[in-house]
Amino acid sequence: MKKLYIWSVMAVFAALAFSCSAALQRRYDQRHGISSSSSTSSTDRSSRAPDAGRNAETSDANYRKDYDRVADNGSSTGATASPAGGNADYNQRLLNQYADMDKLAEVVLYELDNLENRYNNLLNEYKNAKSSSRQVMAMELDKISDDRLMLYKAYTSIYRNGKSDWANVKRDVDNTLREYRKKN
């Protein structure tokens, strides 16, 4: 009974692995303009000729790159052009975007540095304060900790999500900075 269960679990994992690899291969083929003129799916690896080198791939009429589709996609969507193609305009925009990301990150780091200084000063005062004023200082330290966490999240968001969605990330970080400055 235990062996049957193990075999059934292994069969399920094998089916999942095959379907995932087929989906990944399909996505790769779509992005790179690979098409098949046969009636079977181009993502089914069993329908492809084995890769015996570059000559075998280019001589197979059923499996080759569709350069018309690649060229059409490149001209219609200039913003999604591949950097590997040597697109100088894309590379320049990416460099400009990284420069903007770095500038905004520097502003966040500046605010974080100021916040760290306030936190350290208040913590030193807390150590020497009387018990009556410690509660107020503890609440202020909690507020600074919350602000610090908010700014750290904004900073990491710049580099984690900035390349793929810079406009929204920039807006969110600017709003976070504005909210932080309004409170303080």
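Here is a short chat about how some helices pack in this predicted model.

Colleague: Before we start, what should I know about the numbering and the cut-offs?
Modeller: Residues count from 1 along each chain as its sequence is written, and side-chain values use heavy atoms, leaving out hydrogens and water. As the model is predicted, local features need pLDDT of at least 70, totals for chains, interfaces and linings use all residues, and side-chain atom pairs count only at pLDDT 80 or more.

Colleague: How do the axes of helix 5 and helix 6 run, roughly parallel or roughly antiparallel?
Modeller: Helices here are DSSP runs (H or I, at least four residues), numbered from the N terminus. Axes are lines fitted to C-alpha atoms over the stretch in contact, with angles from 0 to 180 degrees between N-to-C directions. Those of helix 5 (residues 131-161) and helix 6 (residues 166-183) come within 9 Å and cross at roughly 165°. Over 145 degrees counts as roughly antiparallel, so helix 5 to helix 6 is roughly antiparallel.

Colleague: Which element gives the largest share of the largest nonpolar core?
Modeller: That core, a set of buried Ala, Val, Leu, Ile, Met, Phe, Trp, Tyr and Cys residues joined through side-chain atoms within 4.5 Å, has 21 residues. Helix 4 (88-128), helix 5 and helix 6 each give two or more. The largest share, eight residues, comes from helix 4.

Colleague: And E111, is that buried or exposed?
Modeller: E111 sits in helix 4 and touches L151, L177, Y180 and R181 (heavy atoms within 4.5 Å), not counting residues up to four places away in sequence. Buried means under 20% relative accessible area with a 1.4 Å probe, protein chains only, and exposed means over 50%. E111 has 11% relative accessibility, so it counts as buried.

Terms used
Parallel < 35°, antiparallel > 145°, perpendicular 65-115°, else oblique.
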